[in-house]
Amino acid sequence: MNKRIIVSICGASGSIYGINLLKSLLAMPVEVYLVISKAGGTVLEHETGYKGGSFQSFLKDKGVVFHKQARLNAYDTDDFFAPPASGSFKHNGMVIAPCSMKTLGAIASGISDNLIHRAADVCLKEKRPLILLTRETPLSVVHLRNMYKAAVSGVTIMPASPGFYFNPKTVSDLIDSVIARVLDHLDIKHDLVKEWGKDKIV
Ligand SMILES: Cc1cc2nc3c(=O)[nH]c(=O)nc-3n(C[C@H](O)[C@H](O)[C@H](O)COP(=O)(O)O)c2cc1C
């Protein structure tokens, strides 16, 4: 069976992280289950120029090339009948990219009042990978406590914090350095960033 990954885009700044993650996943034989929060949609429009309409066409305009076995299934945040809302739906992990402090707080507290929170809650109870690409700075004690609470519940907290040690040339290189770590954690092979030490002669 092809990998199934739940991707959510929330209302933190950095919707490009979600777009580049989709770009990597959809270039492979992967089934993506996409949920964009209401604030996520608003910030996405502000930051990327998305003007509504077909999201698939928008992704293609952004350079997303679909693998012939890739599937993109999108759900409304109020749709509790969607597959990601149930533990019986088998998948390989969920990534919230970017993740707002609000959604982090809801997940850390077990509040499931939209499909994103519910799908994340299901990941925790079913012990499936859940990665939160958080974006906020500076962090308050409340944020830090919520990150700690989520981390001890099994969440991977991955701040949207690019690396500079591979000499990035473009903003996209920086974004991809973060997406590479997300794919590593999902156990998905990629060639976004070379593994450190691979070029060294031993
Ligand atoms: C332009 C813009 C940028 C924002 N950036 C952030 C951010 O980086 N981090 C964050 O936690 N919230 C940010 N927010 C606030 C969230 O959008 C807001 O808390 C929202 O309720 C999050 O809801 P959601 O998690 O359901 O998407 C931003 C809002 C706007 C309008």
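Visitor: How many bridges join β1 to strand β4?
Guide: In this predicted model, strand β4 covers residues 94–99 and runs parallel to β1. One position can be placed exactly, since S8 stands opposite I96 in β4. The number of bridges that join β1 to β4 is three.

Visitor: In which sense do β1 and strand β2 pair?
Guide: Strand β2 consists of residues 30–36, and seven bridges link β1 to β2. Within this pairing, I6 has Y33 of β2 as its bridge partner. The chain gets from β1 to β2 through helix α1, residues 15–26, in a right-handed β-α-β crossover. The sense in which β1 and β2 pair is parallel.

Visitor: How many residues of strand β1 are buried?
Guide: Strand β1 spans residues 3–9, which is seven residues. The strand is described as mostly covered. The count of buried residues in β1 is five.

Visitor: Which helix gives the most to the shell around the ligand?
Guide: Two helices each supply at least two residues of this shell, α2 (38–48) and α4 (101–109). The residues that come nearest to the ligand are C10, G11, A12, S37 and S100, out of 15 around the ligand. By class, the shell divides into five nonpolar, seven polar and three charged residues. With four residues, the helix that gives the most is α2.

Visitor: Against which elements do the buried residues of α4 pack?
Guide: The buried residues of α4 are T103, L104, A106, I107 and A108. Just after α4, G110 takes a positive phi of about 70 degrees. The elements that the buried residues of α4 pack against are β4, α5 (115–126), β5 (130–134) and α6 (141–152).

Visitor: Why does A82 count as buried or exposed?
Guide: A82 is placed in the loop between β3 (71–75) and β4. The cut-off for a buried residue is 20 or more other C-beta atoms within 10 Å. A82 has 20 C-beta neighbours inside 10 Å, and therefore A82 counts as buried.

Visitor: What separates the C-alpha atoms of A82 and L115?
Guide: Leaving aside neighbours within four places in sequence, A82 is in contact with Y75 and L115. Along the chain, A82 and L115 are 33 residues apart. The separation of their C-alpha atoms is 8.0 Å.

Terms used
Residues numbered from 1 in each chain as written. Predicted model: local features only at pLDDT ≥ 70, side-chain atom pairs only at ≥ 80, totals over all residues. Near = placed C-beta within 6 Å. Nonpolar A, V, L, I, M, F, W, Y, C, P; charged D, E, K, R; others polar. Buried ≥ 20, exposed ≤ 12 C-beta atoms within 10 Å, placed from the backbone. Pairing = 2+ DSSP bridges. Right-handed = clockwise from strand over helix to strand, strands pointing away. Contact = placed C-beta atoms within 7 Å.
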